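Subject: Model handed over, with notes

Dear colleague,

I am passing the model on to you with this message, and my notes follow below it. Please read them with the coordinates open beside you.

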There are 2 protein chains.
Amino acid sequence: MSPAVRKVEALGHFVRVEWEDGSESRYPCVWLRDNCRCPLCFLRSAGARRMPLEDLDVDIAAREVALADGKKISVTWPDEHASEYEAEWLKKRCFSEEARAEMQADLFLPERQYWGSDLQLPKIPFEEVMHSDESAYKWLCTLKKVGIVLLTGAATRQGELIKLGHRIGFLRLTFYGPTWQVQDKADANNVAYTTGKLSFHTDYPVLHHPPGVQFLHCIKQTTAGGESEVVDGFHVCNKMKQQNPEAYQILSSTAVNYTDVGVDYCDFAVHGKQRIIDIDSRGQAVRINYNNATRDAVFDIPAEKVRPFYAALKEFNDLLNSAEHKFTYKLEPGDIVTFDNWRVLHGRRSYPSGPEVTRHLEGAYADWDVVLSRLQILRKGVLNRD
Amino acid sequence: MSPAVRKVEALGHFVRVEWEDGSESRYPCVWLRDNCRCPLCFLRSAGARRMPLEDLDVDIAAREVALADGKKISVTWPDEHASEYEAEWLKKRCFSEEARAEMQADLFLPERQYWGSDLQLPKIPFEEVMHSDESAYKWLCTLKKVGIVLLTGAATRQGELIKLGHRIGFLRLTFYGPTWQVQDKADANNVAYTTGKLSFHTDYPVLHHPPGVQFLHCIKQTTAGGESEVVDGFHVCNKMKQQNPEAYQILSSTAVNYTDVGVDYCDFAVHGKQRIIDIDSRGQAVRINYNNATRDAVFDIPAEKVRPFYAALKEFNDLLNSAEHKFTYKLEPGDIVTFDNWRVLHGRRSYPSGPEVTRHLEGAYADWDVVLSRLQILRKGVLNRD
């Protein structure tokens, strides 16, 4: 049921709206004028503001306000320009802390479920995700909330990730190509392309904007070894912040050099700086940037801070590897593991090398912008929201 | 000339190196052990660390250090593992403030030349950039330093930007496609696709990671109107920080909602939050995220902070538009303007609409990671550095 307005009045630089349920909202006049929805001020086909900031009077006040049948308020401005606002549109944009939190949650779906070794790995058949919007919605919702979902039953040949990319929109191209083949290679340009153990890491922290989501499609699996390990980095960060706030502070404030030089999709020489743990204004981890293989020998901190940094990193690394936190599983041919590369660190146990390729994964990346955009579109369709 | 070592000694948790020029460097033992270059610890083909952090002793001390002919030092560790380090490699990684600053400057080329209405727009022929490494190096160097370079004499047909993308590596795909056509369109899904004036903006601040570099290729130009305007956003930020630190503080700390919903390369519903001015730890602007058209009506700040925010934004907008700061020019068919989309804000004057398309630009994006990678590779080739 859409909200109804009982009363509206101009109060200096604000317009006050009294709702039928007795609550009230106050809207700054400058914000109302800035967000006039008339065709002169707003280009409906683009959903974008036309009125330039140059034309906005920061000190504007409404000359007249009026209520039309409880569902709409109209404002007349000193220059005679008239604006209309739907009650429902206004209610959602109320400036109260509660209303703002609700709106932001609606836009960014921040809910998280943390996990440790007790993870019940969420599984959905690949074909369902490809053909059912409900399943695709469930997939992306869970990916956002839990950070990892296993899609099962894909074909055991290259190309399935390209299809999955089309399902969400498009994949993220990097120097390793649109998709990339994880297998033992001669003169490997990346430690992943060997049979060696891979410690817990996030992919590609050398980039300014590391890939948000990673897909790994198992095409062939070795009999011995090659198990996958994952850990919830945000959960471990919460633990570390409590147990060792100093170490957490070091890892969330020290910029670490990364480097990646080689040839693949094209030649590349990438250098970057990232904190191991990126935090938001409340100190909550929002992105882990940790790959010990590409951490540069170049290190831009004073010599006396080096040992404390390593101690903090080791503390984090130990927590990641604790039996309580990590989850071990083995991909089967046809499995596609999809996970949040900003949150979930992944690793692999070593496996025997030989003349034949005994293990083959195809990998690809997607940006959270693309994934969340698809999630919002699916959500609207599935929940039939407007 | 490569540096020579006069003396090396173990000092507890450090190794002290005395250079032939009389200067000295101190290297933490844990850092030395972590960066052992032997084939067990380091995968040369990938230029990446093999030794897992699990195997690193944070409190390690060298058991023995030795000097080999002044060009190399060797360290023996308590477990008999032996590491060797080239003098030149060590010297570059010295932990002194000066050496670190030099190394970081070498990796990230932070030098900037600020400009205002006095800009001498740098110009290089498109064909030279395509065929000469020296010209391509000059192009990207100037793009990094000045923030804008005009490439001239490209063909007046679509496709030149795809070639330019191959020249650097690859372009950045977005919801608007691999490249996009800026011209007057019916039911425009973006304000750029009209004949209207475009105020100063950066492109795509709704994305987590807005495109670092933008290319606009003029294929057809209108006789009347359609002039381009650019302004050095970092220069304006420096001014604003001095003149009105409070406004600067507001714009560099307030997260603003952006929104972009529509259909183009595929359907999209993107929501994001960005500060108008992103700053580094020293308060220096590192990215402007400002597009008034896609700034959302949703605004996640308390009502009483709304008017001060608009006042600060208006102050910034006024500075951008001051005659002293902005530079106006008109693209000619065959011109490709290339600019730093994190630094340079661009705009366009309106032009008459009509039944025919009288103005047509093709646009594309690239990430700074890709551009800087190409710049480093060209630099190495041109300067014949190692």
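The contact between the two chains draws on 87 residues from chain A and 87 residues from chain B, and you should keep in mind throughout that this is a predicted model. Putting the chains together buries about 7,500 Å² between chain A and chain B, with carbon and sulfur atoms giving 59% of that area.

As to how the copies are arranged, chain A can be laid on chain B with an RMSD of 0.0 Å by a turn of 180° and a shift of 0.0 Å along the axis. The two copies are thus related as by a two-fold rotation axis, and in chain A the C-alpha nearest that axis belongs to His209(A), at 3.2 Å from it. Both copies use the same surface, since 100% of the contact residues of chain A recur in chain B.

The polar side of the interface can be described as follows. Between chain A and chain B the rule finds 10 salt bridges, and one of the pairs that meet in a salt bridge is that of the side chains of Asp300(A) and Arg100(B), at 2.9 Å from N to O. Across this interface there are also 46 residue pairs in polar contact, with both residues at pLDDT 80 or more. On the side of chain A that touches chain B, the elements giving two or more residues include strand 3 (24-28), helix 1 (29-34), helix 3 (97-108), strand 15 (255-263), strand 16 (267-275) and helix 10 (368-383) of chain A, while helix 9 of chain A gives the most, with 8 residues.

One residue that may repay a look at this boundary is His271(A), which has its place in strand 16 of chain A. What does His271(A) touch, leaving aside residues up to four places away in sequence? Within its own chain it touches Val206(A), Tyr258(A), Thr259(A) and Val261(A), and from the other chain Leu107(B), Phe108(B) and Gln376(B). The side chains of His271(A) and Thr259(A) are joined by a polar contact of 3.5 Å. His271(A) and His208(A), although 63 residues apart in sequence, are 9.2 Å apart in space, C-alpha to C-alpha.

In chain B, strand 15 (residues 255-263) and strand 16 (residues 267-275) pair in the antiparallel sense over 9 bridges. A hairpin of 3 residues joins strand 15 of chain B to strand 16 of chain B, and Val263(B) stands opposite Asp267(B), the latter in strand 16 of chain B.

Turning to the record, UniProt lists residues 12-90 of chain A, in an unreviewed entry, as "domain: Gamma-butyrobetaine hydroxylase-like N-terminal". That span of chain A, residues 12-90, is 13% helix and 38% strand, and its end C-alpha atoms lie 19 Å apart. The UniProt annotation "domain: TauD/TfdA-like", likewise from an unreviewed entry, covers residues 115-365 of chain A, where the chain is 25% helix and 29% strand and the end C-alpha atoms are 23 Å apart.

At the start of chain A, strand 1 (residues 5-11) and strand 2 (residues 14-19) pair in the antiparallel sense over 6 bridges, with Leu11(A) standing opposite Phe14(A) in strand 2 of chain A. This hairpin has 2 residues between the strands, and Gly12(A) takes a positive phi near 65° in it.

Lastly, over all chains the count comes to 56 salt bridges by this rule. Among them, the side chains of Arg63(A) and Glu80(A) meet at 2.6 Å, N to O. Arg63(A) lies in the loop between strand 5 and strand 6 (64-68) of chain A and Glu80(A) in the loop between strand 7 (72-76) and strand 8 (82-86) of chain A, so this pair ties together parts that are 17 residues apart in sequence.

With kind regards

Note on methods. Residues numbered from 1 in each chain as written. Chains lettered and ligands numbered in written order. Predicted model: local features only at pLDDT ≥ 70, side-chain atom pairs only at ≥ 80, totals over all residues. Heavy atoms only, no water. Least-squares fit on C-alpha atoms with pLDDT ≥ 70 in both. Contact = heavy atoms within 4.5 Å. UniProt positions renumbered as here; feature names shortened; annotations may be inferred. Helix = DSSP H or I, 4+ residues; strand = E, 2+ residues; numbered from the N terminus. Pairing = 2+ DSSP bridges. Buried area = accessible area lost by both parts, 1.4 Å probe. Salt bridge = Lys/Arg side-chain N within 4 Å of Asp/Glu carboxyl O. Polar contact = N/O pair within 3.5 Å; in protein donor to acceptor, adjacent residues only side chain to side chain.
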